[in-house]
Amino acid sequence: MVALYVGGQKVEWADAEKALAGAERGELRNDAGKVLGVIVPQPVTRGDDPDWVKAITPEEIARRMAEPFLTLEEYRKRTDQK
């Protein structure tokens, strides 16, 4: 079994996000206490996303959903692909 430790204290998985939010690092340990991995939380910012990710807005999704739709089978028939 793998457990999360933050600041030397075992943290329940349900509380992981909250516990890691203010921490510099967390550790994944096995039952014997051996460190299997280290988690270094990074701030989440939308400014670092590429332009194509920033362009995915609820309005853009709605606009594309309203456009005509083809299944892959219909597309292949129209383009003579098999």
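## Questions on a predicted model

Reader: Is E27 buried or exposed?
Author: In this predicted model, E27 has a relative accessible area of 14%. The cut-off for buried is under 20%. So E27 counts as buried.

Reader: Which strand holds E27?
Author: Look at residues 26-29. They form one strand, and E27 has its place there. That strand is β3.

Reader: With which residue does E27 form a salt bridge?
Author: A salt bridge needs a side-chain nitrogen of Lys or Arg within 4 Å of a carboxyl oxygen of Asp or Glu. Here the closest N and O atoms are 2.7 Å apart. The side chains also count as joined by a polar contact of 2.7 Å. The partner of E27 is R25.

Reader: Is R25 buried, partly exposed or exposed?
Author: Buried means under 20%, and exposed means over 50%. R25 has 41% relative accessibility. That value falls in between, so R25 is partly exposed.

Reader: Which residues does E27 touch, leaving out those up to four places away in sequence?
Author: A contact means heavy atoms within 4.5 Å. Residues up to four places away in sequence are not counted here. What remains is A3, L4, Y5, V35 and G37.

Reader: What is the length of the polar contact between the side chains of R29 and E27?
Author: R29 has its place in strand β3, and E27 is in strand β3 too. A polar contact joins their side chains. Its length is 2.6 Å.

Reader: Which residues does R29 touch, not counting those up to four places away in sequence?
Author: Set aside the residues up to four places away in sequence. Then the contacts of R29 include M1, V2, A3, Y5 and G8. They also include K34, V35 and L36.

Reader: Is A3 buried or exposed?
Author: A3 lies in strand β1, residues 3-6. Its relative accessibility is 12%. The cut-off for buried is under 20%, so A3 counts as buried.

Reader: Which residues is A3 in contact with, beyond its neighbours within four places in sequence?
Author: Leave aside the neighbours of A3 within four places. Two of the remaining contacts are K10 and W13. The others are E27, L28 and R29.

Reader: What separates the C-alpha atoms of A3 and V35?
Author: Along the chain, A3 and V35 are 32 residues apart. In space, we take the separation of their C-alpha atoms. That is 9.7 Å.

Reader: In what order do the elements of the chain run?
Author: The chain has four helices and four strands. Read them from the N terminus on. The order is β-β-α-β-β-α-α-α.

Reader: Why is the chain called more spread out than a compact globule?
Author: The globule rule gives 12 Å for 82 residues. The chain is well over that value, so it counts as more spread out than a compact globule. Its C-alpha trace spans about 60 × 30 × 20 Å along the principal axes. The deciding value is the radius of gyration, 23 Å.

Reader: What percentage of the residues of the chain count as buried?
Author: The chain has 82 residues. It exposes about 7,300 Å², and carbon and sulfur atoms supply 55% of that area. The buried share of the residues is 15%.

Reader: How many salt bridges does the structure hold?
Author: One of them joins E27 and R25. Another joins R64 and E60, with the closest N and O atoms 2.6 Å apart. The total for the structure is six.

Reader: What separates R64 and E60 in helix α3?
Author: Helix α3 covers residues 58-66. R64 and E60 are four residues apart within helix α3. Therefore the separation is about one helical turn.

Reader: Which residues are joined into one network by salt bridges?
Author: E67 forms a salt bridge with R63, the closest N and O atoms being 2.7 Å apart. Salt bridges that share partners extend the picture into one network. Its members are E60, R63, R64 and E67.

Reader: Is W52 buried or exposed?
Author: W52 is found in helix α2, residues 51-54. With I56, I61 and M65, W52 makes a nonpolar surface patch of about 510 Å². Its relative accessible area is 61%. The cut-off is over 50%, so W52 is exposed.

Conventions
Residues are numbered from 1 along each chain as its sequence is written. This is a predicted model: local features need pLDDT of at least 70, side-chain atom pairs count only at pLDDT 80 or more; totals for chains, interfaces and linings use all residues. Side-chain values use heavy atoms; hydrogens and water are left out. Helices (H or I, at least four residues) and strands (E, at least two) are DSSP runs, numbered from the N terminus. A polar contact is a pair of N or O atoms within 3.5 Å; within protein, one must be able to donate a hydrogen and the other to accept it, and residues adjacent in sequence count only if both atoms are side-chain atoms. Patches are made of residues with over 30% relative accessible area and no salt bridge: like charges are joined within 9 Å, nonpolar side chains (Val, Leu, Ile, Met, Phe, Trp, Tyr) within 5 Å. Accessible areas come from the Shrake-Rupley method with a 1.4 Å probe; for residues, only the protein chains shown count as cover. Buried means under 20% relative accessible area, exposed over 50%, partly exposed in between (1.4 Å probe, protein chains only). The radius of gyration is taken over C-alpha atoms; the globule rule is 2.2 Å times the number of residues to the power 0.38.
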